[in-house]
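Please look over the sequence and the structure shown here before reading the notes below. They are written for a first-year student and take the topics one at a time.

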Amino acid sequence: MKLLMRKRHNLVRGRVHSFNLDVGSGWYPMVGSITVDVRKECKPDVVASAVALPFRSGSFDSVTCLEVLEHLRMAEQFVVVSELRRVASRLVVSYPNGSPFWIVPQRLVWWLREHTTEREYHAHGFIHAHVGVQSHEFMDVLMVSCGWCVFESRSVMGYDWLACIVTGK
C-alpha cells in the first residue's frame, strides 16, 4: 500500500499548488500539505470531516482527495466534492475504477474484510469499505455538477485507479 501511495503522490505532486489541503490524508499524507482526517490516530493537522471542513471559502490554492470518495455513499460524495470546491480552486482526486469488470471483485474483498477482521466505522458516515465506487463517467459528472471543470481525467497505475485534475469554473 505504501508503495502505491508513494507512486500516486509523485504523480500528484506536480499538479498541486504551494498551499495545498490534503483531505482524508490518512496514514500516507501529501508531504508539505495541511492535512485533514476524521481519524485522530492518523495525526492530521486538523481532525475534521470532509463533509464540513473548518476553513474559510477559498482558503487553499489546491486540495487533494486521494482514495477517499469511495468510502462515502453517493449522497455524501456530492456534499464532500462541493465542500472541496468551497475551500480551493484546484482539485486532484483519485478513486477506484467503478467498471463492472473490477467493481464486483472489489466489493467482495471489502465485504469479506468488513465481516472478518476490519470492522472500522467512523463518525460522519465514514466506512472503511469501498461503499461508493462509481464509474469514470459518473465521477466526471459529479465534478462538473459540483462546480469543477475537468481538464485531465485518466487511468493511473494501470487498470484500476482513475484520477481527475479539475479547476473551478
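What follows is a briefing on a predicted model, covering its nonpolar cores, one of its helices and its salt bridges.

**Nonpolar cores**

- The largest nonpolar core of the model has 26 residues, and those with the most contacts inside it are Leu21, Leu53, Leu69, Leu84, Leu91 and Met143.
- Several elements contribute to this core, since strand 1 (20-23), strand 4 (62-66), helix 2 (74-87), strand 5 (90-96) and helix 4 each supply at least two of its residues.
- Among the contributors, helix 2 gives the most to this core, with 4 residues.
- Another core, of 5 residues, lies apart from the largest one, and its members include Val12, Met30, Leu66 and Val92.
- As general background, nonpolar side chains in soluble globular proteins tend to be buried together.

**Helix 4 and its two sides**

- Helix 4 covers residues 136-145, and within this helix Met139, Leu142 and Met143 are buried.
- When helix 4 is seen down its axis, the buried residues fall within an arc of 95°, and therefore they line one face of the helix.
- The face of helix 4 that is turned away from this buried side carries Glu137 and Val141, both of which are exposed.
- Met143 thus appears in two parts of this briefing, as a buried residue of helix 4 and as one of the residues with the most contacts inside the largest core.
- After helix 4 comes Gly147, a residue whose phi is positive, near 95°.

**Salt bridges**

- The model has 2 salt bridges when a side-chain nitrogen of Lys or Arg has to lie within 4 Å of a carboxyl oxygen of Asp or Glu.
- One of them joins the side chains of Arg39 and Asp37, with 3.0 Å from N to O.
- Because buried means under 20% relative accessible area, Arg39 counts as buried at 11% relative accessibility, and Asp37 counts as buried at 4%.
- The side chains of Arg86 and Glu83 also meet in a salt bridge, here with 2.7 Å from N to O.
- Arg86 and Glu83 are 3 residues apart in helix 2, so about one helical turn separates them.
- In this pair, Arg86 counts as partly exposed at 27% relative accessibility, whereas Glu83 is buried, with a relative accessible area of 12%.

Technical notes. Residues are numbered from 1 along each chain as its sequence is written. This is a predicted model: local features need pLDDT of at least 70, side-chain atom pairs count only at pLDDT 80 or more; totals for chains, interfaces and linings use all residues. Side-chain values use heavy atoms; hydrogens and water are left out. Buried means under 20% relative accessible area, exposed over 50%, partly exposed in between (1.4 Å probe, protein chains only). The arc is that of the directions from the helix axis to the C-beta atoms. A nonpolar core is a set of buried Ala, Val, Leu, Ile, Met, Phe, Trp, Tyr and Cys residues joined through side-chain atoms within 4.5 Å.
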